[in-house]
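Here's a quick briefing for anyone opening this structure for the first time. Have the sequence and the 3D view handy as you read.

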Amino acid sequence: MEYLKLTSKNLPLISSQHANQKIEIPTYERSQLKEGIVHVGVGGFHRAHLAVYVDQLLQKHGQRNWAICGVGLRPNDAAMRDVLRSQDHMYTVIERSAAGSTAKVVGSINSFLFAPDDREAVIAKMACRDTHIVSLTITESGYYYNENTHELQSDHPDIQHDLANVTSPVSTFGFLYAALVRRYDQGLKPFTVLSCDNMQKNGTITRNMLESFARLHNNPDIAKWIAEEGAFPNSMVDRITPSTSQNDIKSLADNFGIEDGWPVVTEPFMQWVVEDKFCDGRPPFEQVGVQVVKDVHDVEQFEKHKLRLLNASHSAMAYPGQLAGFKYVHEVMQHPVYRKFIWQMMQEEAKPVLPEIPGVDIDQYCNTLMERFSNPTIMDQIPRVALNASGKIPQFVMPSIAEQIWVTGPFRRLCFVLAAWFRYINGVDDKGNSFEVDDPMRERLQALAKAGGNDPRELLSIKMLFGDDLRDDERFVNEVTTAMELIAKDGVMATLPKYVN
């Protein structure tokens, strides 16, 4: 089979070359689009989520003012820049399920700016009057948020650099601030800052961190303007998107005839709940299935369900799973004892402290999650799910533990997950094999893990991750200590049955 390079010129050939495999392509005129959204952090999730919703708005609803300009802030974003540039900024979304695979070419990203090459171009693009939304997928660590004090990590080198170098920032907040100052000086409205990261209260955190950053600049007028005129919608996002492998690239070429340097592999399921709080207009997201809600409280309820069920379960598969030698999420779900552990953790420890949402059946949601985790075609890798644990564990696992402490409820399985992470930090699995720990706090974590051994108190002393209510709770500390000792002595898989009814 002859493969076709993904380019605008080849689109008609791509859509017609497979009689038995329908490939959707953009039919809108991309050269006529306005870029109303600037997106920082163009990775797999953005390209499987927001960019897909925008593509549907362009394709089905003629919303020509809302194309996306992608932005890469870090040196390693050069790879994405180069692939997108060679493909006229298009890429393929491959949806996989037990029923088979589909391929769709997405054209909503219209350009890409690489900040290390031209920081001014990024600031100017954000400040442009055509830009109405700056959206973010920068991972938890990109917010410089102290989980314990709920304040900006003002002493972080990136923040210190940006305070001293307003016109050549490195952090997201440095770019947002510089662009907003320019818009203020030009008499424009602020753009909406839309966090699409997987964090509870993502919009509120973004607002608070940016306002704090502005105050550190001793610019009270800008800080006041951002506070009074700006908008930072809270949102809940959901779509499992594993890292793209060379096998995925080859499979796309073999099965669909498309040569794409960086396609996205994902599941059919997609959800986005977003607060209707935009200060400079927005697309009609409702037309493509987004749940736009009036009240931040509604977003928070959905967030809690997702973070404490889906994401906490991912953590429960990631850290013990890596220690036990699993490679993929679906392999964990194929193990009967491990599968029971995940179900019982959700049902007996996470679910009892979750709010009820009218019209939402939590048991049905849990069953759906078990099905999604079990999807063997996604090939979701354990190391991907384990990334950046120091930003995830405080969001996904610790809130359920804290609430169970308050009501003296069960939390043994959640403590087992935390204990497994504490052991995972050392980068050696139960058979003595080394693996990479990819975490922005790795050096500090590993030093404390080594000093503490099977005693969790060294790691629990990190105040930006763990509150005093946890450190001072004897039942909690004892439970984590017991789990750490058992895992160290017998390994994850021999210990796991002790946590399953």
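Thr481 sits in helix α22, which covers residues 474-490. With a relative accessible area of 18%, Thr481 is buried, since anything under 20% counts that way. Keep in mind that this is a predicted model.

**More on Thr481**
- Setting aside neighbours within four places in sequence, Thr481 is in contact with Asn454 and Pro456.
- Thr481 and Asp185 are 296 residues apart along the chain, and their C-alpha atoms are separated by 56 Å.

**Two nonpolar cores**
- The largest nonpolar core has 75 residues, and the ones touching the most other members are Phe341, Ile401, Leu418, Trp421, Phe422 and Phe476.
- Helix α18 gives the most to this core, with 10 residues.
- Take Leu418: leaving out residues up to four places away in sequence, Leu418 touches Ile393, Met398, Leu460, Phe466, Phe476 and Val480.
- Apart from the largest core lies another one, of 39 residues, including Ile159, Val193, Ala214 and Ile226.
- As a bit of background, nonpolar side chains tend to be buried together in soluble globular proteins.

**Where α13 meets α18**
- Helix α13 spans residues 336-350 and helix α18 spans residues 412-424; their axes come within 9 Å and cross at roughly 125°.
- That angle is why α13 and α18 are called oblique to each other.
- On the α13 side, the contact is made by Phe341, Gln344, Met345, Glu348 and Glu349.
- On the α18 side, Arg412, Arg413, Leu414, Phe416 and Val417 make the contact.
- Sort the residues of this contact by type and you get five nonpolar, one polar and four charged.

**Helix α9 and its two sides**
- Which residues of helix α9 (residues 220-229) are buried? They are Ile222, Ala223, Trp225 and Ile226.
- These buried residues cover an arc of only 165° around the axis, so they end up on the same side of α9.
- A helix has 3.6 residues a turn, so residues three or four places apart point the same way.
- Flip to the other side of α9 and you'll find Pro220 and Glu228, which are exposed.
- The buried residues of α9 pack against α7 (172-186) and α8 (202-216).
- One of those buried residues, Ile226, is also among the members of the core of 39 residues.

**Asp280, a buried loop residue**
- You'll find Asp280 in the loop between β13 (271-275) and β14 (291-293).
- Is Asp280 buried or exposed? At 15% relative accessibility, Asp280 counts as buried.
- Not counting residues up to four places away in sequence, Asp280 touches Thr131, His132, Arg183, Lys189, Pro190 and Thr192.
- Lys189 is 91 residues away from Asp280 along the chain, yet their C-alpha atoms are separated by 6.7 Å.

**Thr102 on a strand**
- Thr102 lies in strand β6, made up of residues 100-106.
- Its relative accessible area is 42%, so Thr102 is partly exposed.
- With residues up to four places away in sequence left out, Thr102 touches Val93, Ile94, Glu95 and Phe256.
- The C-alpha atoms of Thr102 and Ile23 are separated by 7.3 Å, although the two are 79 residues apart along the chain.

**Two residues with positive phi**
- Most residues other than glycine have a negative phi, which gives the next two some context.
- Asp88 has a phi near 55°, a positive value in a residue other than glycine.
- Look for Asp88 in the loop between α4 (78-86) and β5 (91-97), where Asp88 is partly exposed, with a relative accessible area of 31%.
- Asn218 also has a positive phi, near 55°, and isn't a glycine either.
- Asn218 lies in the loop between α8 and α9.
- At 68% relative accessibility, Asn218 counts as exposed.

Notes
Residues numbered from 1 in each chain as written. Predicted model: local features only at pLDDT ≥ 70, side-chain atom pairs only at ≥ 80, totals over all residues. Heavy atoms only, no water. Axes fitted to C-alpha atoms, helices over the stretch in contact; angles between N-to-C directions. Helix = DSSP H or I, 4+ residues; strand = E, 2+ residues; numbered from the N terminus. Parallel < 35°, antiparallel > 145°, perpendicular 65-115°, else oblique. Contact = heavy atoms within 4.5 Å. Nonpolar A, V, L, I, M, F, W, Y, C, P; charged D, E, K, R; others polar. Buried < 20%, exposed > 50% of the residue type's maximum accessible area, 1.4 Å probe, protein only. Arc of directions from axis to C-beta. Core = buried A, V, L, I, M, F, W, Y, C linked by side-chain atoms within 4.5 Å.
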